[in-house]
Amino acid sequence: MSERRFDVVVVGGGNAALCAALSAQEGGAQVLVLERAPAEEAGGNSAFTAGAIRFAYQGVAELRELMPDLTDEEVARTDFGTYTEDQFFDDMFRVTRNRTDPRLCEMLVRRSFETLSWMRGKGVRFQPIYGRQAFKVDGRFKFWGGLTVEAWGGGPGLVQALTGSCQQKGIEIRYDSRAVRLLTDGRAVGGVEVKTPHRRYQVRAPAVVVASGGFESDAEMRTRYLGPGWELAKVRGTRFNTGDGIKMALAIGASPAGNWSGCHAVGWDFNASEFGDLAVGDGFQKHSYPWGIMVNAAGRRFVDEGADFRNYTYAKYGRVILEQPGNFAWQIFDGKVLHLLRDEYRIKQATKVKADTLAELASRLEGVDAKQCLEEIAAYNAAVRQDVPFNPNLKDGRGTAGLAIPKSNWANTIADPPFEAYQVGCGITFTFGGLRIDAEGRVMDQDLRPIPGLYAAGELVGGLFYFNYPGGTGLMSGAVFGKLAGATAAQDLPQLRSNAVEESEVFAASLA
Ligand SMILES: Cc1cc2nc3c(=O)[nH]c(=O)nc-3n(C[C@H](O)[C@H](O)[C@H](O)COP(=O)(O)OP(=O)(O)OC[C@H]3O[C@@H](n4cnc5c(N)ncnc54)[C@H](O)[C@@H]3O)c2cc1C
């Protein structure tokens with residue numbers, strides 16, 4: 001059974017998909033959005049975020065364009081600094097070990113600010129991330145790590161604003177609607193097959209944008225591509241990102257690209273549920289390890305907790321935790337730094353131990369060799385460089401001396417009660433491998449030619465991230481490439497229509 005025709009069908013209901021839909025509509029297209037999740041679980045991983053978004057800016061004047069609500073008083077008490085395009089490029093090339101695709105990275109960085117301004121025009125509001133990305137020192141907040149702004153209402157607020165904008169512009173969004181196959185004449189795409197809880201049908205359209213996330217929620221694909229043990233990771237976000245868009249596109253000859261064995265994965269409450277829980281959002285993450293230490297089951301430290309700002313280490317440390325015996329670690333903090341712990345440490349679901357002495361704490365760390373743990377803490381405490389002042393806003397160089405596994409910054413002794421420890425496992429955020437696109441968002445085939453009528457955006461685009469990731473880039477990438485894919489699809493429509501894929505006999509025969 002075939003349905004009413006649209007110009008552009010967008011597969012997915014997260015940030016990338018909704019930006020693509022709005023952009024295609026702006027280009028004059030009749031757009032349909034297919035969201036696999038029911039309405040109450042819609043919005044993909046985007047809805048699980050805190051809404052933090054990385055973009056290049058020259059200074060506070062540009063921030064005020066994005067956030068006209070900023071008061072003079074806020075500006076006076078805050079050092080927003082700058083985050084130039086060059087800094088953004090440096091971060092991308094450094095954390096990906098120079099692997100990021102320069103064409104894609106160029107789009108991401110150079111279009112970051114204009115894309116946020118465009119989103120603002122679509123009703124998304126932004127605010128500074130005080131607290132998590134800026135600490136108050138001597139009465140003034142100072143932002144660090146290139147991450148300054150978040151969407152109002154976090155991820156849910158972002159998805160709500162974009163959804164509202166789509167509805168206002170007459171873009172139809174169908175929930176509980178899973179795209180299961182791309183319709184094609186063997187050369188070009190001409191629509192999708194859709195499965196709902198009640199029926200299966202086909203929607204014809206000369207252009208399809210796939211923005212349906214990576215394969216992080218599919219344990220079999222995780223194990224196949226990321227490696228043995230990854231079936232044991234918890235999924236931080238939506239249960240619906242099972243690689244459908246990638247598989248559908250590969251099935252018609254799309255070219256895979258990027259770091260297929262790589263992913264973004266963090267320290268995540270060891271007892272969290274298998275998939276994300278929207279009621280908890282990102283609360284299971286535990287991102288304050290730079291202020292303490294992490295030990296494994298053997299009671300040993302295993303990683304430099306202070307190698308860099310957490311924005312540049314958290315996405316790769318999930319894998320390191322997964323590789324530890326028993327796939328867990330305990331983060332340990334003392335009374336000196338408890339005030340620095342992020343809000344997520346205070347949720348009632350945290351797997352937490354509190355004690356007034358180190359001996360008591362160590363004995364209560366489930367699965368840990370307590371004796372070895374106490375020895376490790378003593379050795380660590382003795383190695384802390386007391387001659388360098390502690391400053392959470394800078395890479396302060398207050399490290400350890402002489403340890404096999406150093407802590408490079410923010411080293412403080414674990415000595416002052418009360419002591420707190422939090423058990424973390426590995427939480428996967430999203431996968432890095434995906435589809436190859438050209439510089440305008442068209443999906444390319446294995447001869448590296450665009451597949452007419454097929455576009456991609458968001459997590460399922462491969463080539464941007466390798467090994468690691470700078471915090472806040474997922475939303476920016478979804479927005480930049482979503483806007484791009486939607487605009488290109490709308491712009492290609494006259495050409496796609498003249499190809500008349502939908503009228504071809506082969507295409508007609510492909511319709512079930
Ligand atoms: C807990 C958590 C916190 C995060 N925090 C941040 C942050 O603060 N800042 C940041 O930049 N990034 C953050 N990220 C990463 C960020 O969420 C993603 O990189 C980004 O949102 C991906 O956007 P997307 O639109 O590509 O995918 P998603 O938002 O995941 O959207 C994919 C959509 O596709 C739908 N779908 C899947 N299969 C089908 C199908 N067959 N048919 C139809 N629809 C389908 C899904 O239901 C979903 O709606 C976080 C992620 C998580 C999980």
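1. Helix α7 covers residues 154-168 of this predicted model. How far apart should the ends of its 15 residues lie? At 1.5 Å a residue the expected span is 21 Å, and the end C-alpha atoms are 21 Å apart, so the expected and the computed values agree. The span is reckoned from one less than the number of residues.

2. Which residues of α7 are buried? They are Gly154, Gly155, Gly157, Leu158, Val159, Leu162, Thr163, Ser165 and Cys166. These buried residues pack against the helices α1, α6 (112-121) and α13, and also against the strands β8 (149-151) and β9 (172-174). Just after α7 comes glycine 170, with a positive phi of about 80°.

3. Helix α6, one of the elements packed against α7, contains methionine 119. Is methionine 119 buried or exposed? Its relative accessibility is 0%, and buried means under 20%, so methionine 119 counts as buried.

4. The surroundings of methionine 119 come from several parts of the chain. With neighbours within four places in sequence left aside, methionine 119 is in contact with Asn15, Cys19, Val124, Phe126, Leu158 and Ala479. Leu158 is also among the buried residues of α7. Leucine 18 is 101 residues away from methionine 119 along the chain, yet their C-alpha atoms are separated by 11 Å.

5. The next topic is the ligand. There are 40 residues around the ligand, and those that come nearest are Glu35, Asn45, Ser46, Ala52 and Asn241. By class, the shell is made up of 20 polar, 13 nonpolar and seven charged residues.

6. Which elements supply at least two residues each of the shell around the ligand? They are α1 (15-26), β10 (178-184), β20 (419-431) and α13 (473-499). The largest share, three residues, comes from α13. Both α1 and α13 also appear among the elements against which the buried residues of α7 pack.

7. Some contacts with the ligand can be given atom by atom. In serine 46, an N or O atom of the side chain is 2.5 Å from an oxygen atom of the ligand. For glutamate 459, a backbone N or O atom lies 2.9 Å from an oxygen atom of the ligand. Glycine 474 likewise has a backbone N or O atom 3.3 Å from a ligand oxygen atom. On its own the ligand has 1,000 Å² of accessible area, and the protein covers 97% of that area.

8. The remaining points concern the backbone. Most residues other than glycine have a negative phi, and most peptide bonds are trans. Where is the cis peptide bond? This bond runs from proline 417 to proline 418, with omega near -5°. Proline 418 lies in the loop between α12 (370-383) and β20.

9. Tryptophan 410 is found in the loop between α12 and β20. Tryptophan 410 is not a glycine, but it has a positive phi of about 55°. With a relative accessibility of 1%, tryptophan 410 counts as buried.

10. Aspartate 176 also has a positive phi, near 55°, and is a residue other than glycine. The place of aspartate 176 is the loop between β9 and β10. How is its exposure classed? Its relative accessible area is 32%, and partly exposed covers the range between under 20% and over 50%, so aspartate 176 is partly exposed.

Definitions and conventions
Residues numbered from 1 in each chain as written. Predicted model: local features only at pLDDT ≥ 70, side-chain atom pairs only at ≥ 80, totals over all residues. Heavy atoms only, no water. Near = heavy atom within 4 Å. Polar contact = N/O pair within 3.5 Å; in protein donor to acceptor, adjacent residues only side chain to side chain. Areas by Shrake-Rupley, 256 points an atom, 1.4 Å probe, with all protein chains shown as cover. Helix = DSSP H or I, 4+ residues; strand = E, 2+ residues; numbered from the N terminus. Nonpolar A, V, L, I, M, F, W, Y, C, P; charged D, E, K, R; others polar. Buried < 20%, exposed > 50% of the residue type's maximum accessible area, 1.4 Å probe, protein only. Contact = heavy atoms within 4.5 Å.
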